[in-house]
Amino acid sequence: MNKRALAVLVCTAVSFVLVGLYIGLYLTAHPGTAIASASPEGGVQLNLATVPAAALNDPHPTWVSYYVVNTHDQDWQHKTTWVVPAHTLVHVTLYQYDGASGLRNPFLSQVTGTVGGTFDLNGKTTKTINPNATSHVFAIPAYGLTVPLLGVSATAKNPCSNAPCTLSQDHETITFTFRTGAKGLVRWQCFVPCAAGYIQGFGGPMQTVGYMDGFLKVV
Amino acid sequence: MQDTTPYFRRLVLIWLVSSVVLTALVVFVLAPGLPPGNATVQSSAAVVDNTVLFGISTPIALAVLLCLGYCLVVFRERPGSDTTLEGPAVRGNSSIQLWWLVITTTTVLFLAVFGSIELLKDGAGGGQGPNPLSVPAGHAIQVQVIAQQWEFTYRYPGYGGVETNSLEIPANSLIEFHVTSLDVIHSFWAYQLGVKADANPGEDNIAYVNTKAPLNFEVHCAELCGVYHGYMYNSGKVVPKAEFASWIAQQQKTFAPVSGNLPKYSRSYFPAPDRRGG
């Protein structure tokens, strides 16, 4: 085998390895998975947070995002695939640290799909909020679930800028319960175009799995 | 020695017989069962259109395929043959050229006229823009389809402008869909109804459907609209009129809390955007 043929062979092999590596990394790079914990009320518990920007060590530290949180030990995990059992009540507590963006469709300012058709906003039973004061929406379209999340006041004295945040910082606490369906993968998403710096707020974290959207892995 | 075998006549005979048999099978057996089915007047018309197109294209496709197959078999190089034979050169044939022009022109013109008539008859379930050319006769129930990343919601201007997250329409009724979008370009595609209309931001795209009997149908977005385009689907129902009246009354009650937050009904919306966008 002459030198030229050998060079072609080596280059081809290296190209194949690089392409394979790229595809492999692409297919295996996905947001982490969190398992909902058992709830003393029956069913499972999910503690979530929405923040104006991800942690400073995140690949996108300026992107708005959801987090899974444990308020006791301040363990914040950037995971947007949540494992929950089928046909079970899921109790959600959501700490909302972001400011208001406003809904494009005010219809989504009414809660739907929760147990009782309401949610608790800072301990107060609520059905609808001001669409212009909405920061985000937690929605699972397949379940008809829509929960509008009130934005933190623009005059808040102690806002949180990047995850992780603390409960001493300004936030809204939203709790609600919904029932899961059959086993499968179910999408959840935000309906507020909240991607700062992108045209009409639709790019970046709104179009990338792992920030303002993700999946429920119903098992 | 000149080969006097009547190849062309044989080929035409084979084509004629097979065309009659296969076209009959396609028109009477295959085509009537094809989507979108017969759930609405528009979807039935689509089945008729597809049947006509299949009926015309079957003999044409057969002519091409049979000619190819016939040549491959009859004019193949046989074992033992050491020369490649070619037929006499074709120098033109006015008769064949004339027939070719007449048949193809007639076919194309027929399809153009037939297609135009079908489109103008009742809109064919397609989006006709804000000023439809073809408006079916009768009183229409208006339903506004509002697309947004990544969900459809529906408004009923004839019922106080109530907005819902599910679609129900009455049976045996004329429905006037007003399709619009709040963000990017989507497409409202309820194929069992025979409806497909683009949802453009700031535009009102009108499509008509005459429903028949009750049924469940699917709604999909048919325009690539972002990361969750593939998840942008839900289901709808055609229900008896009494059931629809009861359902819409329930929707008005359920969504009464949010009714004060909704903008006044409009044929399109320009939501205040960009507070976060760049």
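This section describes the domains, the nonpolar cores and selected helices of chains A and B in a predicted model.

In chain A, the mean pLDDT is 90, and 98% of the residues score at least 70. When the elements of chain A are compared, the lowest mean pLDDT, 86, belongs to strand β1 (residues 32-35), whereas the highest, 96, belongs to strand β12 (residues 172-179). Chain A is divided into domain 1, covering residues 1-30, and domain 2, covering residues 32-218, and the C-alpha centres of these two domains of chain A lie 42 Å apart.

Helix α1 of chain A, which spans residues 3-28, includes Leu6(A). Leu6(A) is classed as exposed because 10 other C-beta atoms lie within 10 Å, where a residue counts as exposed if that number is 12 or fewer. Between Leu6(A) and Phe119(A), which are 113 residues apart in sequence, the C-alpha to C-alpha separation in space is 68 Å.

The largest nonpolar core comprises 56 residues, and those with the most contacts inside this core are Ala49(A), Val51(A), Val64(A), Val137(A), Val147(A) and Leu216(A). When residues up to four places away in sequence are not counted, Leu216(A) touches Trp82(A), Val84(A), Ile140(A), Val186(A) and Trp188(A). Apart from the largest core lies another, of 34 residues, which includes Trp150(B), Leu182(B), Ala207(B) and Cys225(B).

Chain B is likewise assigned a domain 1, made up of residues 7-74 and 100-125, and a domain 2, made up of residues 140-259. Taken over C-alpha atoms, the centres of domain 1 and domain 2 of chain B are separated by 34 Å. The contact between these domains of chain B draws on 12 residues from domain 1 and 14 residues from domain 2, and on the domain 1 side α2(B) gives the most, with four residues.

Helix α2 of chain B (residues 41-74) has 34 residues and reaches 49 Å from its first C-alpha to its last, which is close to the 50 Å expected at 1.5 Å a residue. A bend of about 30 degrees is nevertheless found in α2(B) at Ser57(B), and a proline, Pro59(B), follows within four residues. Buried positions in α2(B) are Gln42(B), Ser43(B), Ala45(B), Ala46(B) and Thr58(B). The buried residues of α2(B) pack against two helices of chain B, α1 (7-30) and α3 (94-122), and against two strands of chain B, β7 (195-199) and β8 (205-210).

Technical notes
Residues numbered from 1 in each chain as written. Chains lettered and ligands numbered in written order. Predicted model: local features only at pLDDT ≥ 70, side-chain atom pairs only at ≥ 80, totals over all residues. Expected span 1.5 Å × (residues − 1). Bend = angle between axes of the 7 residues up to and from the residue. Buried ≥ 20, exposed ≤ 12 C-beta atoms within 10 Å, placed from the backbone. Contact = placed C-beta atoms within 7 Å. pLDDT = per-residue confidence, 0-100. Core = buried A, V, L, I, M, F, W, Y, C linked by C-beta atoms within 7 Å. Domains from an automatic or database assignment.
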